[in-house]
Amino acid sequence: MEQQWRTAFALVLYFTIHPAIFNVFTIAQETAAPVTDDAAALLSLKDSFTEGGDALSSWSSSPATSPCGWFGVICVSGVLTGLRLAKLGLSGTVNVTALSHVKGLRSISLNDNKFSGPLPPELSTLGSIRSLFLSHNAFSGEIPDGLFASMRHLNKLWLDDNQFTGRIPSSISNAHSKLIELRLEDNAFDGTIPTFDHISSTLKAFNASNNQLSGLIPASLARFGASSFAGNPGLCGPPLDSSSCGTAPSPAKSSEGPPMEQARSQTHINVVVGVVAAVLVLLVLVASLFCRRRHDHQENLDASAEAMESGTASVAAAAATQKEEKDSEATSGRKPVGASRGATGMAGLVMINEEKGAFRLADLMKATAEVLGNGGLGSAYKAAMANGLTVVVKRLCDMNRIGKETFDGEMRRLGSLRHPNVLTPLAYYYRKEEKLLVSEYVPKGSLRNVLHGDRGAEHPALDWPTRLKIALGIARGMAYLHAELAAVDAPHGNLKSSNILLADNFEPLIADHGLVPLVGVAQASQVMFAYRTPEGTQHRLVSPKSDVFCLGVVILELVTGKFPSQYANDNKGGTDVVQQATSAIVERREAGELAGDIAAPDTVQGMVRLLRVAAACVDANPEERPEMSEVAELVQEIASG
Ligand SMILES: Nc1ncnc2c1ncn2[C@@H]1O[C@H](COP(=O)(O)OP(=O)(O)OP(=O)(O)O)[C@@H](O)[C@H]1O
């Protein structure tokens, strides 16, 4: 244990300290238009539909009601943010001009309807939209190349299963793009696939299968696998088997392919070769620099390790850290953490939340430490510092690809969160090869331990009112995270009972949230619970609805008292709480599913209601799951009796 602790901080000491360049992340807050304007806009939209209007009978100006209560309208804190109008048989035109007046609108879903004809050109005026879902309609024709140029916040664009023709619009990837999901499959797009320079690294889901695309697949998109490109006879290059455009494409297509496209393919090859050569040269340079640095800092490392061996670990380590900080100060001209406050963290540890007081890397080094566990994202250590504050230090592994600015920005965003049910981290440490996240230690530990652990002193306290309070706190905290981290695809991404800590009064504290942007898809799909949803396991897709699914599992865990098999990697061990709850509801035997030790005549009704809320959250279809804010309201209703 001590060995591991020593290794952890020895590694920290090992690397030189660079100044933090803070990238203050601001989420544009636009003022919502008055409700009456939003209502008028939605009524104009409804008028533009020729079929399917019956489903929207609640959309009415008399009596005058807030559109937040209308069918398919999503509001967060009273602001109209989304329209969920899938599978309603809607057709006609879409009055986008009316929608452009709904200032808070972030998400539009018109999936599975009967819309046809070209996309309305006015879509380009929806500059604040994050998600646009138009799948499974009959939209057709060419999409103007610049249509998406001003949609700077677009995260998700689903155009699949329509009848689009012509080139894939290049404006999908513009300098401000933040796109993470792009679905183009099952259309008739032709020409080459754009290189998507600005979004190739942020894209997490991409599918262009079953079109008429041709030419070399951009190398930056090859990671999405062959199924994302299948069904395009003229496409070639990895990850398709036809690895060479000269040999593999079908003869018909390659002879039809215009010379311009072949020239482009050749340009792609040249660019890839050039980039690889440049990266190799750069690697050699970096390696030699790194070796020099390594030598300079070996002295400190040796001093620290030697002292630990002799039983004076903390003092020596702290001394080494101080030397490190002094060195840093001397070379960078900046003061170490603790010498200067305010923006906090000029070097070494960066404080992002000083509500529990400020501390330095040296204070952590002197702390008594113990290993708490090894989670999917890294190891967790408990460190009791001399100032009386006990913290948990988490080493985040496999995040080497994350640049400092991005990491700083994400950490500052997490540090600014304030909610009674969210555990805001205190500090972080960034080095390319080493990233630490420091949070307050919560003595009661995790919900998982209290619920399923040794069933020690705390377990009997988990009666029905306490479990309901825990469910409500988690739902409220999650609704807050979904509002604050709306730009993140899955604002938590790893919600499960081990990441819910229990404060002294059993108020839940959500931990380890907001890390999805820092974890690569490959690692995330292995270790983050949001990827265990049906859409996560099948298509590696995550969204805010993945968090809703995860919350559903936690609530089922609370109501049934069973350990979910969903937490196990291979789904073995534990109970399939999702399947059991779903069948129990269909067969109207919900009461049999409830935790026997707390189910009583006066609690059964509330428990069954909560079980039903959880079952809605774990619906296999993400679109059918309620929004997180709705879940919080539903649980609140149960708590209010
Ligand atoms: N701030 C904290 N206070 C008290 N216990 C904590 C704290 N943070 C984590 N723990 C506990 O430490 C243990 C290890 O945590 P860690 O987050 O590394 O693993 P995990 O939650 O099991 O997995 P994952 O990495 O997937 O979240 C868990 O039992 C967790 O509940």
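What follows is a walk through the ligand site and one pocket of this structure.

A word on the basis: the model is predicted, with local features needing pLDDT of at least 70, side-chain atom pairs counting only at pLDDT 80 or more, and totals for chains, interfaces and linings using all residues. Residues are numbered from 1 along each chain as its sequence is written, and side-chain values use heavy atoms, leaving out hydrogens and water.

Let's start at the ligand. Around it sit 19 residues (each with a heavy atom within 4 Å), and the closest are K394, E440, V442, K496 and N499. By type, the shell splits into 8 nonpolar, 7 polar (Gly counts here) and 4 charged (Asp, Glu, Lys and Arg).

Now for the backbone's polar contacts (N or O pairs within 3.5 Å). A backbone N or O atom of E440 is 2.9 Å from a ligand nitrogen, and a polar backbone atom of V442 also lies 2.9 Å from a nitrogen atom of the ligand. At G375, a polar backbone atom is 3.4 Å from a ligand oxygen. On its own the ligand exposes 600 Å², of which the protein buries 87% (Shrake-Rupley, 1.4 Å probe). Strands (DSSP E runs of at least two residues) β17 (368-375), β18 (378-384) and β19 (390-396) each give two or more residues to the shell.

Next, the second largest pocket. It holds about 1100 Å³ of space, and 39 residues line it, with I180, S201, T202, L203 and K204 closest to its centre. Among the elements, α8 (404-415) supplies at least two lining residues; in fact α8 gives the most, with 5. The pocket is an open set of points on a 1 Å grid where a 1.4 Å probe fits, with protein on both sides within 12 Å along at least five of seven lines, and lining residues have an atom within 4 Å of a point.

Terms used: A polar contact is a pair of N or O atoms within 3.5 Å; within protein, one must be able to donate a hydrogen and the other to accept it, and residues adjacent in sequence count only if both atoms are side-chain atoms. Helices (H or I, at least four residues) and strands (E, at least two) are DSSP runs, numbered from the N terminus. Grid points are joined across faces, edges and corners, and a volume is the space filled by probe spheres set on the points.
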